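Q: Please take a close look at one helix in this predicted model. What does it pack against, and how does the part of the chain around it meet the rest?

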Amino acid sequence: MHTVLYGLTPRQQEDRASFTAFVDDHLVPEADRWDREQRLSDSIVELLGKSRLLVPTLPTEAGGSGMDVETYGLLSEELGRGCGNIRNLVAVQGMVAHALLKWGTKEQADRWVPRIGTGETVGAFALTEPEAGSDARNGSMTAERTGAGFVLNGRKKWMSFGQRAGIFLVFARLEGEPAAFVVERGTDGFRTEPISGLLGLRASELAELTFDGCVVPESHLISRGRLTFDLLATGSLDYGRYSTAYGSVGLAQACLTASLEYTRERTQFGVPLRDHQLVRRMLTDMISSVEGARLLCRQAGVLRARNHKDAIRQTLIAKYVASRAGFAAANDAVQLHGANGIGPDFPVQRHLRDAKVQEIIEGTSQIQQLQIAEMTL
Ligand SMILES: Cc1cc2nc3c(=O)[nH]c(=O)nc-3n(C[C@H](O)[C@H](O)[C@H](O)COP(=O)(O)OP(=O)(O)OC[C@H]3O[C@@H](n4cnc5c(N)ncnc54)[C@H](O)[C@@H]3O)c2cc1C
C-alpha cells in the first residue's frame, strides 16, 4: 500500500504504481542473490536500459524517457525499497550521463550519453582516491599535456560499477587546475581491480582504478578549470544525493513493511509481537521517521523541479535525515526479527548493511552536518 504523498499528479501516481510493480517483479526476488554473488545479473542491467530506466531523466533522443525530477525521486524510492545496488546503478549512470550532456561538447555527448542511457555500456564516476575521500578536491591524480593529448597518472578507489563500466568519468589535476576526462576501458595504461567483501552495497561491483602513463586524446577532455569541481563534480554529487535520499526512504519502508508483517505473524508470551508496547514504540519510530524523511525528499524534489535556489540545501537535508532514518529503521527491523533478523531468510540484514553505506556515499553524514550548517548560517 502506498502512503499518501501530497501534490502528485495523476500521471506521477500511475508511474509510481508501475515502478512498484517493476521492483516487485524484477528486483525483490533477486536482490539477496545479487548481494550474495556480489554482482548484478547482466539481464537486469539490459532490462533497465531497454525500459529506459537507467537514466530516465535524459531526453528520449539521448537514451532516456524525459522523466521529470519529481518522478525520478519516486523511482529512486521504489528501487531503494527493492535493491540498493540497482538504486546506486541508476544514480551513477545519471551522474555520468548528465555531466557529459551538460559539460561535454555536442560531439562528446552524442558519442557517449545514449550508450549509457540505453545500457549499451555502463558509466563510472571516478572522483575518490585512496588518500582523498571527503577532501576529494585535493586529489593527487595528474594529467599532463602530450603531443597526442593528455597523459594520466594516479589511482582512484571505490568506484561503483567500476568492474562493469566501459566509460569512466575521471577527475585529475591539469596544470594545477581540476579537469575531467573520459577514459574508456581498454585504454593502454589503465586497469581496474575489483574490490570485494564489502559490508553493504555488495553488488555494486566496486573497483580500484590505476592510471599509469594512460594517454587519452584531446577529444576526451570534458572540462577544465575551477568549475570542474565547483559545478560539474558537486552538481553530479547533488544528483546522486537526491537519489540516495529517496532510496534510503525506500529502504526504510522495506524494513517497516517487513517489521509490520513479522510482528503480526510471530507470537511470544501468547500474543503477536506487535501487541507488546515496547515493540509498538519501535514500530512508531519507524513509521514516523519514514514518513518524515519521505516528506523532506518530496520537498527537495519539488524545489529541484523549480530550479529553486534552496534545492541543493534541501537535498542535503533530505539525504542526511533519510540516510540516518534508513539506518535506524534497518537496525530496529533486525532487532524485531530476533535471530531471524541476522539470518539468511529475511532481507532486513541486507538492508541494515546497505543502510550503513548510505551514510557514507555522496558525502558522509559528518560532511553533510558541516555543509547544512554552513549553508543555513
Ligand atoms: C559502496 C561505495 C560506493 C562508492 N562509490 C563511489 C563512486 O562511484 N565514485 C566515487 O568517486 N566515490 C565512491 N565512493 C567513495 C565515497 O564517496 C567516499 O567513501 C566518501 O566520500 C568518504 O570518503 P572516505 O571513505 O575517504 O572517508 P574519509 O574522508 O577518510 O572520512 C573518514 C571519516 O572522517 C570523517 N571526516 C572527514 N572529514 C571530516 C571533517 N572535516 N569533519 C568531520 N569529520 C570528517 C568522515 O565523515 C568519516 O566518518 C563509494 C564508497 C562506497 C562505500
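A: The buried residues of α11 pack against six elements: α2 (31–37), α4 (69–82), α5 (84–103), α7 (226–265), α9 (311–336) and α10 (339–342). Helix α11 itself spans residues 348–358 and is mostly covered, with nine of its 11 residues buried. Those buried residues are Val-348, Gln-349, Arg-350, His-351, Arg-353, Asp-354, Ala-355, Val-357 and Gln-358.

The domain assignment divides the protein chain into domain 1 (10–117), domain 2 (123–225) and domain 3 (228–376). The centres of domain 1 and domain 3, taken over C-alpha atoms, are 20 Å apart. Contact between these two domains involves 26 residues of domain 1 and 30 residues of domain 3. In general, the size of an interface is often given as the accessible area lost when the parts come together. For domain 1 and domain 3 the buried area is about 2,200 Å², and 55% of it lies on carbon and sulfur atoms.

Charged and polar pairs also occur here. Four salt bridges are counted between domain 1 and domain 3. Arg-353, one of the buried residues of α11, forms a salt bridge with Asp-35, where the closest N and O atoms are 2.7 Å apart. Between the two domains, 10 residue pairs are in polar contact. On the side of domain 1 that touches domain 3, the elements giving two or more residues are α2, α4 and α5. Of these, α4 gives the most, with 10 residues. The residues of that side comprise 10 nonpolar, nine polar and seven charged.

Conventions. Residues numbered from 1 in each chain as written. Predicted model: local features only at pLDDT ≥ 70, side-chain atom pairs only at ≥ 80, totals over all residues. Heavy atoms only, no water. Buried < 20%, exposed > 50% of the residue type's maximum accessible area, 1.4 Å probe, protein only. Helix = DSSP H or I, 4+ residues; strand = E, 2+ residues; numbered from the N terminus. Contact = heavy atoms within 4.5 Å. Domains from an automatic or database assignment. Buried area = accessible area lost by both parts, 1.4 Å probe. Salt bridge = Lys/Arg side-chain N within 4 Å of Asp/Glu carboxyl O. Polar contact = N/O pair within 3.5 Å; in protein donor to acceptor, adjacent residues only side chain to side chain. Nonpolar A, V, L, I, M, F, W, Y, C, P; charged D, E, K, R; others polar.
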